[in-house]
Amino acid sequence: MPPCKLAQKATSIALLVVSDLKVGMGKRKQTRKFAVMKKTLNLKDNRIKKLDRDKLREAKKAAKAATRMVVKNRSELVSCLRDSYNEALGPPYHILLDTNYVNFSIKNRLDLFSSIMDCLLAKCFLYVTDCVMGEIEKMPERYRVALRILRDPRIERLTCQHKGTYADDCLVERCQARCYIVATCDRDLRRRIRKITGVPIMYIHNHRVTIEKMPMALGAPKI
């Protein structure tokens with residue numbers, strides 16, 4: 001074989017070996033740089049215009065003023081509360097009625113007045129708001145018994161200033177005064193009222209009226 005052909009074969013073999021090595025090695029991995037500060041222009045740089053310079057200075061001053069402000073969260077202190085119980089509540093008790101409490105009392109065949117008095121063993125005044133009456137009036141005809149019960153002259157009517165007939169927000173706002181007991185069987189409403197300390201919640205459990213957050217209620221069944 002002539003020497004020129006041998007040289008061509010040797011060069012081709014060398015090129016194949018180099019290409020195989022490149023495929024096996026792959027690309028070189030670049031490590032990520034951490035904790036690298038971004039380069040920022042100085043405010044005295046000539047490339048920054050005067051208007052931009054003034055805006056940057058004002059932004060820096062506002063950021064410093066915001067860091068200096070100290071926000072103090074003061075917890076609400078009520079003198080009549082002791083271990084989340086309201087010691088100011090005493091007979092006669094004032095009770096706010098919810099829509100579903102009246103319906104559940106009819107379903108469990110409980111008298112609205114006598115069952116509450118048996119639970120608290122004291123005189124009680126019942127109240128119903130305009131929004132609760134509006135909710136019951138919008139219900140079908142099978143709930144007309146509840147409407148007839150709430151029209152009893154022994155139940156006082158409270159006027160509402162808000163729009164609509166949604167009663168949950170109205171009852172929660174009225175609870176802030178901590179002078180009412182809320183009678184409701186709605187779980188979501190009870191969860192909201194539990195966040196307000198010192199407001200007892202009355203509901204029906206095992207065909208009996210019970211109350212929570214009120215150790216003075218001796219007639220309430222123990223759960």
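Buried means under 20% relative accessible area. The model worked on here is predicted.

**Exercise 1. The chain as a whole**

Task: State how many helices and strands the protein chain has, and what share of its residues is buried.

Solution. Start with the elements. The protein chain has eight helices and eight strands. Next, burial. Of its 223 residues, 33% are buried. Last, contacts. Take those with a separation of 6 or more: residues 24 or more positions apart account for 59% of them.

**Exercise 2. Helix H3 and what follows**

Task: Find which residues of helix H3 are buried, then describe the phi of Arg 109.

Solution. Helix H3 covers residues 99-107. Its buried residues are Thr 99, Asn 100, Tyr 101, Val 102, Asn 103 and Ser 105. Now step past the helix. Just after H3, Arg 109 takes a positive phi of about 60°. Arg 109 sits in the loop between H3 and helix H4 (112-120). With a relative accessible area of 79%, Arg 109 is exposed, because exposed means over 50%.

**Exercise 3. Backbone exceptions**

Task: Say where His 207 lies, and which two residues the cis peptide bond joins.

Solution. Begin with the general expectation. Most residues other than glycine have a negative phi, and most peptide bonds are trans. His 207 is not a glycine, yet its phi is positive, at about 60°. Arg 109, also not a glycine, has a positive phi of about 60°. His 207 belongs to the loop between strand E7 (201-205) and strand E8 (208-212). His 207 is exposed, at 57% relative accessible area.

Now the peptide bond. Pro 91 and Pro 92 are joined in cis, with omega about -5°. Pro 92 is in the loop between strand E2 (85-86) and strand E3 (93-97).

**Exercise 4. Cys 124 and its surroundings**

Task: Place Cys 124 in its element, classify it as buried or exposed, and list which residues it touches.

Solution. Cys 124 is in strand E4, residues 124-129. Its relative accessible area is 15%, so Cys 124 is buried. Leave out residues up to four places away in sequence. Cys 124 then touches Tyr 93, Ile 95, Ile 116 and Met 117. Finally, link back to the cis bond. The C-alpha atoms of Cys 124 and Pro 92 are separated by 5.2 Å, although these residues are 32 apart along the chain.

**Exercise 5. Cysteines and disulfides**

Task: Count how many disulfides the structure holds, and work out why Cys 179 is in none.

Solution. The count is zero disulfides. For Cys 179, the nearest cysteine sulfur is that of Cys 175, 8.9 Å away. A disulfide needs sulfur atoms within 2.5 Å, so Cys 179 is in none. Compare exposure next. Cys 179 has 34% relative accessibility and counts as partly exposed. Cys 185 is buried, at 14%.

**Exercise 6. Packing of H7 on H8**

Task: Describe how the axes of helix H7 and helix H8 cross, and which residues make the contact.

Solution. Helix H7 spans residues 167-175, and helix H8 residues 187-194. Their axes come within 10 Å and cross at roughly 25°. Angles under 35 degrees count as roughly parallel, so H7 is roughly parallel to H8. The crossing of H7 and H8 is right-handed.

Next, the residues. H7 contributes Asp 168, Asp 169, Leu 171, Val 172 and Cys 175. H8 contributes Leu 189, Arg 192 and Ile 193. Sort the contact by class: five residues are nonpolar, none polar and three charged.

Technical notes: Residues numbered from 1 in each chain as written. Predicted model: local features only at pLDDT ≥ 70, side-chain atom pairs only at ≥ 80, totals over all residues. Heavy atoms only, no water. Buried < 20%, exposed > 50% of the residue type's maximum accessible area, 1.4 Å probe, protein only. Helix = DSSP H or I, 4+ residues; strand = E, 2+ residues; numbered from the N terminus. Contact = heavy atoms within 4.5 Å. Axes fitted to C-alpha atoms, helices over the stretch in contact; angles between N-to-C directions. Parallel < 35°, antiparallel > 145°, perpendicular 65-115°, else oblique. Left-handed = near helix turned anticlockwise from the far one by under 90°. Nonpolar A, V, L, I, M, F, W, Y, C, P; charged D, E, K, R; others polar.
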